[in-house]
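Open the model in your viewer and keep the selection tool at hand. The tour goes from the whole chain to its interior.

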Amino acid sequence: MLPCYKSITYKEQEDLTLRPRLQGGRSSEQGDQDQLKELHSAGNLTVLATDPLLHQDPVQLDFHFRLTPQTSAHWHGLLCDHRLFLDIPYRALDQGSRESLTATLEYVEEKTNVDSVLVNFQNNRNDRGALLRAFSYMGFEVVRPDHPALPPWNNVIFMVYPLERDLSHLPSEPP
């Protein structure tokens, strides 16, 4: 098992396919929301995190996108080894969820050092075909279940969105 996943457990929630939970006193079933700190807020997007993004430990990230004054879309994720794993919430194909995912991807690309975003959902979801089509259309690709970068979860489909990084800001080495 990859070192990134040894401190992670997963618990199915009513509105989520998979919800990352960190062990070792960092997050718990009840005190989860209390430990999240606001990391970023601009426009309709607010990003909450369990820890600053300054170290190598896995960090839980929650992306809240305000749709109306009364409603919002939520994407729950885990940042680990330059990869962001996002749960696909139920009703992910609603217009608001698509807008929130776009805002989330823009934030991740502009404000983090993430190389790829992986979305995941349970294989037995009724909307599996629609999710595969919609995320493929957005540029995500299915990842084979035995890929070494994936955690060892059963009955879960992962799709990856590789982020293209502009490396022109890095100094070039002399020939």
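**Whole chain**

Select the protein chain. Of its 175 residues, 44% are buried. The model is predicted. Now show the surface: the chain exposes about 10,200 Å², and carbon and sulfur atoms supply 48% of that area.

Switch to cartoon. The protein chain has three helices and ten strands. Trace the chain along the sequence, and the order reads β-β-α-β-β-β-β-β-α-β-α-β-β.

Turn on contacts. Among those between residues at least 6 apart in sequence, 53% join residues at least 24 apart.

**The largest nonpolar core**

Select Phe63, Leu84, Val117 and Phe135. These belong to the largest nonpolar core, which has 28 residues, and they touch the most other members. Next, colour the elements that each supply at least two residues of this core. The strands are strand 4 (45-49), strand 5 (59-66), strand 6 (72-80), strand 7 (83-87), strand 8 (116-122) and strand 10 (156-162). The helices are helix 2 (95-111) and helix 3 (128-137). Which element gives the most to this core? Select helix 2: its contribution is five residues.

**Around Phe135**

Centre on Phe135. Leave aside its neighbours within four places in sequence. What is Phe135 in contact with? Show Trp75, Ile88, Leu101, Val119, Phe140 and Met159.

**Another core**

Finish with a separate set. Apart from the largest core lies another, of eight residues. Select Phe85, Val156, Phe158 and Val160, which are among its members.

Terms used: Residues are numbered from 1 along each chain as its sequence is written. This is a predicted model: local features need pLDDT of at least 70, side-chain atom pairs count only at pLDDT 80 or more; totals for chains, interfaces and linings use all residues. Side-chain values use heavy atoms; hydrogens and water are left out. Helices (H or I, at least four residues) and strands (E, at least two) are DSSP runs, numbered from the N terminus. Buried means under 20% relative accessible area, exposed over 50%, partly exposed in between (1.4 Å probe, protein chains only). Contact means heavy atoms within 4.5 Å. Accessible areas come from the Shrake-Rupley method with a 1.4 Å probe; for residues, only the protein chains shown count as cover. A nonpolar core is a set of buried Ala, Val, Leu, Ile, Met, Phe, Trp, Tyr and Cys residues joined through side-chain atoms within 4.5 Å.
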